[in-house]
Amino acid sequence: MLSNFKLLNHMKIEIKNFGDKLVSRPAGREAFLALESYQLKGLSENEPIEIDFAGIKALTPSWADEVVTKIAERFKNVKLLNADSMTVQATLKTLREYSNLKI
Amino acid sequence: METNLKNLALKWLVAEPEKAQIASEYYCQTRDVFEARNNKVPDELIQKGMDDDLAYLIYSMLGEIGNNSFDHNLANWPNIPGVFFAVEYDGKIGRAIIADRGLGVLNTLRKAVPDLENDEEALELAFTKKISSRVFENRGNGLKFVKNNIAANNLLLEFSSGDAQVVINHNMNKNKLENRVDGCLVILNF
């Protein structure tokens, strides 16, 4: 069961619910479709969103571009949690440099 | 370090379609097969003593390179679909090879940048500028991710396509190939 949850006034998205090794663009697209259909459905652009990378072993720009970049484009108040691992850091650096990711 | 793998990949790349043969252990006809095999790579590297962070980073880089072959050639493979994929590591040095008989970087990027003149220009563009040839998809940063991580982790990448090759470590050097590679041949040394 997905444990992404909404507490008080923010939505927390636990990326590990999609797996701990997240690589391909098609898989990222699937993940975003699932988020759009459930967790993100009906939320206003001002809704605070937390993206939690705890437990992620590998992440690529292709996967993250389909999820993180799209969430950041849609919502104004997005916060990243537990984004310390090497591949998460390297992926976010690439997205900030080449995909105009602002968070 | 085993050099036969590179020779095997090259032989498969340049063979006539009807004569191209590849051992099943190295052949990934579809993305699913490639991903299933790549998923085993980090554990194999870690078991032989590699630091976890580097093992998962190499896995991520190979994922970007291999998935590129499928992203850009899906339903357009000139003759044989899929990639050659092999990884070897002796606990000190290692090498991963991904090769495809696809359209190649120049033909792929020309869809987005029609005035690209040659393979060398296409490779330089692929590694240094934001671009994607996929219609409706203004993305294309996987190879920049690969390039950034090579410099940061003292790795070495050889990427050949058409009659051009780039060799990347802390710098990016371009070479002209004597023997063309139709498709791509990528070797990551670590």
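Two strands are said to pair if DSSP finds at least two bridges between them. Helices (H or I, at least four residues) and strands (E, at least two) are themselves DSSP runs, numbered from the N terminus. With those terms in place, I shall begin with strand 4 of chain A, where E50(A) is the bridge partner of K12(A).

Before going further, a word on the source. This is a predicted model, in which local features need pLDDT of at least 70, side-chain atom pairs count only at pLDDT 80 or more, and totals for chains, interfaces and linings use all residues. Residues are numbered from 1 along each chain as its sequence is written, while chains are lettered from A and ligands numbered from 1 in the order in which they are written.

As to confidence, the predictor gives the complex an ipTM of 0.91 and a pTM of 0.93. The mean pLDDT of chain B, that is, the predictor's confidence in each residue from 0 to 100, is 93, and 93% of the residues of chain B reach 70 or more.

Let me turn to chain A. It has three helices and six strands, and along the sequence they follow the pattern β-β-β-α-β-β-α-β-α. The radius of gyration of chain A, taken over C-alpha atoms, is 12 Å; the globule rule, 2.2 Å times the number of residues to the power 0.38, gives 13 Å for 103 residues, so chain A is as compact as a globular protein of that length. Its C-alpha trace spans about 30 × 30 × 25 Å along the principal axes.

Two residues are in contact if their C-beta atoms, placed from the backbone, lie within 7 Å. Among contacts in chain A between residues at least 6 apart in sequence, 83% join residues at least 24 apart. Burial is counted in a similar way: a residue is buried if 20 or more other C-beta atoms lie within 10 Å of its own, exposed if 12 or fewer, and partly exposed in between, with C-beta atoms again placed from the backbone. On that count, 45% of the 103 residues of chain A are buried.

I return to strand 4 of chain A, residues 49–52. Which residues form its covered face? They are I49(A) and I51(A), whereas E50(A) and D52(A) make up the uncovered one. Four bridges join this strand in the parallel sense to strand 2, residues 10–14, and four bridges, also parallel, join it to strand 6, residues 78–81. E50(A) therefore serves as a reference point in both pairings: it is the partner of K12(A) in one and stands opposite K79(A) in the other.Next, chain B. Strand 3 of chain B, residues 94–100, has seven of its seven residues buried, so it is largely enclosed by the rest of the structure. Both of its faces are covered, with G94(B), A96(B), I98(B) and D100(B) on one side and R95(B), I97(B) and A99(B) on the other. Strand 3 of chain B runs antiparallel to strand 2, residues 83–89, over seven bridges, and antiparallel to strand 5, residues 172–189, over six. D100(B) stands opposite V83(B) and opposite C184(B) in strand 5. The hairpin of strands 2 and 3 of chain B has four residues between the strands, and G91(B) there takes a positive phi near 100°.

Strands 2, 3 and 5 of chain B are included in what covers the buried residues of helix 1 of chain B. In that helix, residues 4–14, A9(B), W12(B) and L13(B) are buried. Seen down the helix axis, they fall within an arc of 100° (the arc of the directions from the helix axis to the C-beta atoms), so they line one face of the helix. The face turned away carries the exposed residues N4(B) and N7(B).

Where is N154(B) found? It is in the loop between helix 6 (142–152) and strand 4 (156–168) of chain B. N154(B) has a positive phi of about 55° although it is not a glycine, and it is exposed.

Finally, the contact between the chains takes 19 residues from chain A and 20 residues from chain B. Helix 3 of chain A gives the most to the side of chain A that touches chain B, with seven residues.
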